[in-house]
Amino acid sequence: MEQQRSSSFLVLFLAPVKAYLEDDDVSEILINGPKQIYVEKHGKLEKTDAQFVSEPALRAAASNIAKSVQRILDDNNPRLDARLPDGSRVHAVIPPLSRCGTVIAIRKFKKDTLSIEKMLSYGSLSPESKQILEALVKLHKNVIVSGGTSSGKTSVLNALSSFIPNNERVLVIEDASELQLQQEHVVSFETRKPDKNGNGEVTIRDLIVSSLRLRPDRLVIGEIRGGEALDLLQALNTGHAGSMST
């Protein structure tokens, strides 16, 4: 019920793109200031006629997304990583960092998640490849999924996680929760941005350190793009094999 109220509240501010939020064929919504909005549909970018009334209206939408997840978007914190109540991922950057006005990218949550079986049916994975990947995961080999933006790294990581045995303790660390592991013993963590005074930040590096003291059988880290790469390597070298990331 609380999620439904929060979702309805945010849709009021995102009214100009409401139709695209509800369109299952749209995978991403790209807002480049109030007057230029693109969507990705079937893998192709299309410019839309949608517009926000003004930059303040768009900024208000971004600020309310931040508030809905207890994060701050202001002059001191001009970048936002968050997610909508339905699980869609949001990143926003506000002026003066963005020269065209508030910029928002919404990566929509897919209700129909990618699975190993679907990859086999699409022909993007062969039966032999599936056997190799399953063996690598079950043998506790470390797996890194790499690829370009929007290439499906998180979806592939999520699919590979299905090979993790159900009797293992899996700790998941993400900036914004996206992975949907189906195992019974999964403990999920999410980073936290600093408050308006610059206090209280918790990074992926911090959570990796904590996770090593929580007896993980495996670590699954949503994305590595900074100094946390060193922390993960140190974790792997101290016996935490079978970890995964993108």
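# A tour of the helices, loops and pockets

Start with helices α7 and α8, which run roughly parallel to each other. This is a predicted model.

**Stop 1: the α7/α8 pair**

Select residues 204-211 for α7 and residues 228-237 for α8. Two packed helices are described by the angle between their axes and the distance between the axes. How close do the axes of α7 and α8 come, and at what angle do they cross? They come within 9 Å and cross at roughly 15°. Angles under 35 degrees count as roughly parallel, so the α7 and α8 pair earns that description. The crossing of α7 and α8 is left-handed.

**Stop 2: a cis peptide bond**

Next, select Pro95 and Pro96. The peptide bond from Pro95 to Pro96 is cis. Its omega is near 5°. Most peptide bonds are trans. Where is Pro96 found? Look in the loop between β5 (89-93) and β6 (103-107).

**Stop 3: two positive phi angles**

Most residues other than glycine have a negative phi. Two residues to select here are Gln70 and His140.

Take Gln70 first. Its phi is positive, about 55°, although Gln70 is not a glycine. Gln70 is found in the loop between α3 (55-68) and β4 (79-83). Is Gln70 buried or exposed? Its relative accessibility is 69%. Exposed means over 50%, so Gln70 counts as exposed.

Now move to His140. Its phi is near 60°, again positive in a residue other than glycine. Find His140 in the loop between α5 (127-138) and β7 (143-144). The relative accessibility of His140 is 26%. Partly exposed covers the range between 20% and 50%, so His140 counts as partly exposed.

**Stop 4: back to the α3-β4 loop**

Select Asp75, which is found in the loop between α3 and β4. Gln70 is also in the loop between those elements. Asp75 is exposed, with a relative accessible area of 61%. Add Ile94 to the selection. Asp75 and Ile94 are 19 residues apart in sequence. How far apart are Asp75 and Ile94 in space? The distance is 8.0 Å, C-alpha to C-alpha.

**Stop 5: the largest pocket**

Show Arg107, Lys108, Lys110, Ser155 and Glu178. Of the 50 residues that line the largest pocket, these five lie nearest its centre. Several elements give two or more residues to this lining: α2 (18-22), β1 (26-32), β4, β5, β6, α4 (116-122) and α6 (153-160). Which element provides the largest share of the lining? That is α6, with 5 residues.

The space in the largest pocket is about 1,600 Å³. Colour its lining by residue type. You will find 21 charged, 17 polar and 12 nonpolar residues.

**Stop 6: the second largest pocket**

Here the volume is about 240 Å³. Select Ser115, Asn158, Ala159, Ser162 and Gln182. Among the 15 lining residues of the second largest pocket, these are the closest to its centre. Which helices each supply at least two residues of the lining? They are α4, α5 and α6. By type, the lining of the second largest pocket has 7 polar, 5 nonpolar and 3 charged residues.

**Stop 7: three distances across the model**

Keep Gln182 selected and add Pro16. Pro16 lies in the loop between α1 (2-13) and α2. At 28% relative accessibility, Pro16 counts as partly exposed. Pro16 and Gln182 are 166 residues apart along the chain, and their C-alpha atoms are separated by 35 Å.

Now pick Gly152, in the loop between β7 and α6. Gly152 counts as partly exposed, at 25% relative accessibility. Draw a line to Lys67. The C-alpha atoms of Gly152 and Lys67 are separated by 28 Å, with their positions 85 residues apart along the chain.

Finish at Lys44, in strand β3 (residues 44-47). Is Lys44 buried or exposed? With 60% relative accessibility, Lys44 counts as exposed. The last line goes to Asp112. Lys44 and Asp112 are 68 residues apart along the chain. Their C-alpha atoms are separated by 19 Å.

Notes. Residues numbered from 1 in each chain as written. Predicted model: local features only at pLDDT ≥ 70, side-chain atom pairs only at ≥ 80, totals over all residues. Heavy atoms only, no water. Helix = DSSP H or I, 4+ residues; strand = E, 2+ residues; numbered from the N terminus. Buried < 20%, exposed > 50% of the residue type's maximum accessible area, 1.4 Å probe, protein only. 1 Å grid on protein atoms, 1.4 Å probe; cavity = no way out; pocket = protein on both sides within 12 Å on 5 of 7 lines; lining within 4 Å. Points joined across faces, edges and corners; volume = space filled by probe spheres on them. Nonpolar A, V, L, I, M, F, W, Y, C, P; charged D, E, K, R; others polar. Axes fitted to C-alpha atoms, helices over the stretch in contact; angles between N-to-C directions. Parallel < 35°, antiparallel > 145°, perpendicular 65-115°, else oblique. Left-handed = near helix turned anticlockwise from the far one by under 90°.
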